[in-house]
Amino acid sequence: MSSLKILLISGSLRKAATNTKLLREAARLFGDATVQQADLNLPLYDGDLEERDGVPGNVQTLADQITAADAVLISTPEYNKAPSGVLKNALDWVSRTEGNPWADKPVAVMSAAAGRSGGEVAQAALRGYLQPFQPRVLAGPSVHLAASYKEFDDQDRLTSEHYTATLQSLMDALRAEIAR
C-alpha cells in the first residue's frame, strides 16, 4: 500500500508561526505519511484579475494539492474573532477552480492563538467557511492551543501532555476517517 498523502494548510504566513508548528507536530503524531505544506502566499482574490488572467498558477497548485491529498489539516490563528484573511482568501480562490477539490475530503481543523481561548471562535468560523465545499470535517476532539507562543520547546514539539494527547486523538480520528 502506498503512503497516505497529507496536506498542511497554515493560516499564518509567519516563518515561526505557532499554527505551522502545530501542523507539523500533528503530522509527526499522525505517523507514516507523505506530508506537503501548502503555500498561501496568494494574490488577493479579485474578480477582475480572474476575468483578465484566469486562476493564478499558485492557486491551481493549491487546488491540485487538495485534490491529491488523502486528508487536509488546517490550523488557523484568531484575528479579531475570525480566521486569518490569508486563509479566507485561499478558500475563496480555490472555490474558483474547476470542480470541488474539497468534496468528501477528510479535514482536521485546529487552532493556535496567543489568547486564552486558543482560537476557538476562529476555528468555529473556519468550520462554517468550509461547509459549502462539503468536506468531511472531523467533529473533534477539539484542539485550541492557548498561549501558543509558550507551548513549544526548542525542537518545536508541544510541551503539554494534555495538548499532545488531544492532538494524537485528533490524528487517530483523522486516520480512521481516511480509512472510512
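Which element gives the largest share of the lining of the largest cavity? I began my notebook with this point and found that the answer is α4, with four residues. I note at the outset that the model is predicted.

**Entry 1: enclosed space**

I looked up the cavities and recorded one of 30 Å³ or more. I noted that the largest cavity holds about 30 Å³ of space. I then listed its lining residues: I9, L40, L62, I66, L87, A90, L91, V94 and W102. Two elements, α3 (57–68) and α4 (85–94), give two or more residues each to this lining. I also sorted the lining by character and entered nine nonpolar residues, no polar ones and no charged ones.

**Entry 2: aromatic rings**

I next searched for aromatic pairs and obtained a count of one. The partners are Y45 and W93, in an edge-to-face arrangement. I entered 4.8 Å from centre to centre and 75 degrees between the planes. I class the pair as edge-to-face because planes over 60 degrees apart fall under that heading, and the angle here is 75 degrees.

Where in the chain do Y45 and W93 lie? I placed Y45 in the loop between β2 (34–37) and α2 (47–53), and W93 in helix α4. The two residues are 48 apart in the chain, and the pair links distant parts of it.

Is W93 buried or exposed? I found W93 to be buried, at 0% relative accessibility. For Y45 I recorded a relative accessible area of 33%, which makes this residue partly exposed.

**Entry 3: charges over rings**

I then checked for charged side chains placed over rings. The charged end of K88 sits over the ring of Y129, and I noted 5.3 Å to the ring centre. I also recorded R175 over the face of F30, where the distance to the ring centre is 3.9 Å.

**Entry 4: Q123**

I turned to Q123, which is placed in helix α5 (residues 120–130). Its relative accessible area is 1%. I call Q123 buried because the limit for that word is under 20% relative accessible area. What does the side chain of Q123 make a polar contact with? I found the partner to be the side chain of S111, at 3.0 Å.

**Entry 5: backbone geometry**

Which peptide bond is cis, with omega near 10 degrees? I identified the bond from G140 to P141. I located P141 in the loop between β5 (136–137) and β6 (144–145).

I also looked up positive phi values in residues other than glycine. For Q134 I entered phi near 60 degrees. Q134 belongs to the loop between α5 and β5. With a relative accessible area of 57%, Q134 is exposed.

For A147 I entered phi near 45 degrees, again a positive value in a residue other than glycine. A147 is in the loop between β6 and α6 (161–179). Is A147 buried or exposed? I recorded A147 as buried, at 13% relative accessibility.

**Entry 6: points kept for reference**

I return to helix α4, which gives four residues to the lining of the largest cavity and also holds W93 of the aromatic pair. I set the two residues with positive phi side by side: Q134 is exposed, whereas A147 is buried.

Note on methods
Residues are numbered from 1 along each chain as its sequence is written. This is a predicted model: local features need pLDDT of at least 70, side-chain atom pairs count only at pLDDT 80 or more; totals for chains, interfaces and linings use all residues. Side-chain values use heavy atoms; hydrogens and water are left out. On a 1 Å grid over the protein atoms alone, a cavity is a set of points where a 1.4 Å probe fits but cannot get out, and a pocket is an open set with protein on both sides within 12 Å along at least five of seven lines; lining residues have an atom within 4 Å of a point. Grid points are joined across faces, edges and corners, and a volume is the space filled by probe spheres set on the points. Ala, Val, Leu, Ile, Met, Phe, Trp, Tyr, Cys and Pro count as nonpolar, Asp, Glu, Lys and Arg as charged, and the others, Gly among them, as polar. Rings of Phe, Tyr and Trp (its six-membered ring) pair if their centres lie within 6.5 Å; planes under 30 degrees apart count as stacked, over 60 as edge-to-face and the rest as tilted. Buried means under 20% relative accessible area, exposed over 50%, partly exposed in between (1.4 Å probe, protein chains only). A charge sits over a ring if NZ of Lys or CZ of Arg is within 6 Å of the ring centre and within 35 degrees of the ring normal. A polar contact is a pair of N or O atoms within 3.5 Å; within protein, one must be able to donate a hydrogen and the other to accept it, and residues adjacent in sequence count only if both atoms are side-chain atoms.
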